[in-house]
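Biologist: I'd like to learn how to read a protein model. Could you walk me through one, feature by feature?

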Amino acid sequence: MVKQCSLWADGSAETRKWTIIYRISIGIAKVLDHLHTGLQKPAIHWNLKLKNILLDPNHQPYISDYGLYLLLNPTAGQEMLESSAADGSKAPELVKMKDASEQTDIYSLGITLLQLLSGKEPMNENPNSGDDFHLPTFMRNAVLDRRITDLYHPDVLVSNNSDSESPVTEERVLKFFQLAMSWCSPSPSLRPNIRQVLWKLEKIGR
């Protein structure tokens with residue numbers, strides 16, 4: 001059995017480096033691609049967030065809690081939905097379990113990738129006066145205020161000599177940021193499908 005650890009609990013400097021972030025992101029997107037397009041009946045994860053992503057020793061991601069909502073009664077399902085709303089990982093249009101769609105998974109993917117890039121939580125539980133409450137809002141305002149270094153953790157640009165998968169450059173990091181932000185669009189119709197997501201992510205690494 002492969003030893004795994006939670007990405008959310010890992011918190012190591014290694015998982016904040018660009019090559020690892022990129023590898024994890026591609027892996028998550030491939031899992032969603034399998035769920036959305038690789039099954040006889042397309043499936044929705046519904047509860048994608050950092051806490052549900054496990055890593056093996058090679059930093060390959062495995063996603064837990066898939067389909068859990070199918071086993072819950074309506075009351076328990078609604079409680080889980082409200083919990084996801086409270087931690088900032090839920091798409092804004094997802095009010096009831098039955099509203100889950102491929103687009104809600106894409107939104108959650110965008111939030112997850114912004115977390116990987118910035119090291120910040122999706123929701124600021126203790127905001128000071130004037131602080132942004134939600135991660136996409138914080139990121140958007142950072143761009144408007146030209147606070148570019150607030151968009152990613154300082155460790156992201158730390159390079160290893162062995163970084164051959166996708167060598168780190170600020171241009172790559174900012175393209176990654178732009179993609180993740182676009183997937184967090186409040187409008188589901190403006191979010192891409194998972195095939196487009198995967199293609200654009202892979203294009204960054206070329």
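Modeller: Let's go from the overall fold to a helix, then to rings and charges. Keep in mind that this is a predicted model.

Biologist: Fine. How many helices and strands are there in the chain?

Modeller: The chain has 7 helices and 3 strands. Going along the sequence, you meet them in the pattern β-α-α-β-β-α-α-α-α-α. The chain has 206 residues, and 47% of them count as buried.

Biologist: And what do the contacts tell me about the chain?

Modeller: Take the contacts with a separation of 6 or more: 65% of them come from residues 24 or more positions apart. L32 makes a nice example. L32 sits in helix α2, and it counts as buried because its relative accessibility is 0%. Leave aside the neighbours within four places in sequence, and L32 is in contact with H45, L48, D105, L109 and I194. You can also look at C-alpha atoms: those of L32 and I63 are 9.3 Å apart, with the two positions 31 residues apart along the chain.

Biologist: Now a helix. How far does α6 reach from its first C-alpha to its last?

Modeller: Helix α6 covers residues 170–183, which is 14 residues, and it reaches 20 Å. That is close to the 20 Å expected at 1.5 Å a residue.

Biologist: Which residues of α6 are buried?

Modeller: Here's the general idea: an α-helix has 3.6 residues a turn, so residues three or four places apart point the same way. In α6, the buried ones are R172, V173, F176, F177, L179, A180, M181 and W183. Their cover includes helices α2, α4, α5 and α7.

Biologist: R172 is on that list of buried residues. What is the nearest side chain of opposite charge?

Modeller: That would be E171, at 7.6 Å, and R172 has no salt bridge. However, a polar atom of the R172 side chain lies 3.5 Å from the backbone oxygen of G205.

Biologist: On to the rings. How do I describe two of them together?

Modeller: A pair of aromatic rings is described by the distance of the centres and the angle of the planes. Searching the whole structure turns up 2 aromatic pairs. For W18 and Y22, the centres are 5.5 Å apart and the planes make 35 degrees, so this pair is tilted. W18 and Y22 are 4 residues apart in helix α2, so about one helical turn separates them.

Biologist: Are W18 and Y22 buried or exposed?

Modeller: W18 is buried, because its relative accessibility is 0%. Y22 counts as buried too, at 8%. W18 also forms an edge-to-face pair with F176, with 5.3 Å centre to centre and 90 degrees between the planes. W18 belongs to helix α2 and F176 to helix α6, so this pair ties together parts that are 158 residues apart in sequence. F176 is buried as well, at 0% relative accessibility. Put together, W18, Y22 and F176 form one aromatic cluster.

Biologist: Last topic: charges. How many salt bridges does the structure hold?

Modeller: There are 6 salt bridges. One of them joins D155 and R16, whose closest N and O atoms are 3.1 Å apart. This pair links distant parts of the chain, 139 residues apart: D155 is in the loop between α5 and α6, and R16 is in the loop between α1 and α2. D155 is partly exposed, at 21% relative accessible area, and so is R16, at 24%.

Biologist: What about E93: which residue is its salt-bridge partner?

Modeller: E93 pairs with R191, and the closest N and O atoms are 2.8 Å apart. E93 lies in the loop between α3 and α4 and R191 in the loop between α6 and α7, so the bridge ties together parts 98 residues apart in sequence. E93 is partly exposed, with a relative accessible area of 23%, whereas R191 counts as buried at 5%.

Biologist: Which residues are joined into one network by salt bridges that share partners?

Modeller: Start with D145 and R147, whose side chains meet in a salt bridge at 3.4 Å, N to O. R147 is partly exposed, at 26%. Through shared partners, D145, R147 and D150 are joined into one network.

Definitions and conventions. Residues are numbered from 1 along each chain as its sequence is written. This is a predicted model: local features need pLDDT of at least 70, side-chain atom pairs count only at pLDDT 80 or more; totals for chains, interfaces and linings use all residues. Side-chain values use heavy atoms; hydrogens and water are left out. Helices (H or I, at least four residues) and strands (E, at least two) are DSSP runs, numbered from the N terminus. The expected span of a helix is 1.5 Å times one less than its number of residues. Buried means under 20% relative accessible area, exposed over 50%, partly exposed in between (1.4 Å probe, protein chains only). Contact means heavy atoms within 4.5 Å. Lys and Arg count as positive and Asp and Glu as negative; His and the chain ends are not counted. A salt bridge is a side-chain nitrogen of Lys or Arg within 4 Å of a carboxyl oxygen of Asp or Glu. A polar contact is a pair of N or O atoms within 3.5 Å; within protein, one must be able to donate a hydrogen and the other to accept it, and residues adjacent in sequence count only if both atoms are side-chain atoms. Rings of Phe, Tyr and Trp (its six-membered ring) pair if their centres lie within 6.5 Å; planes under 30 degrees apart count as stacked, over 60 as edge-to-face and the rest as tilted.
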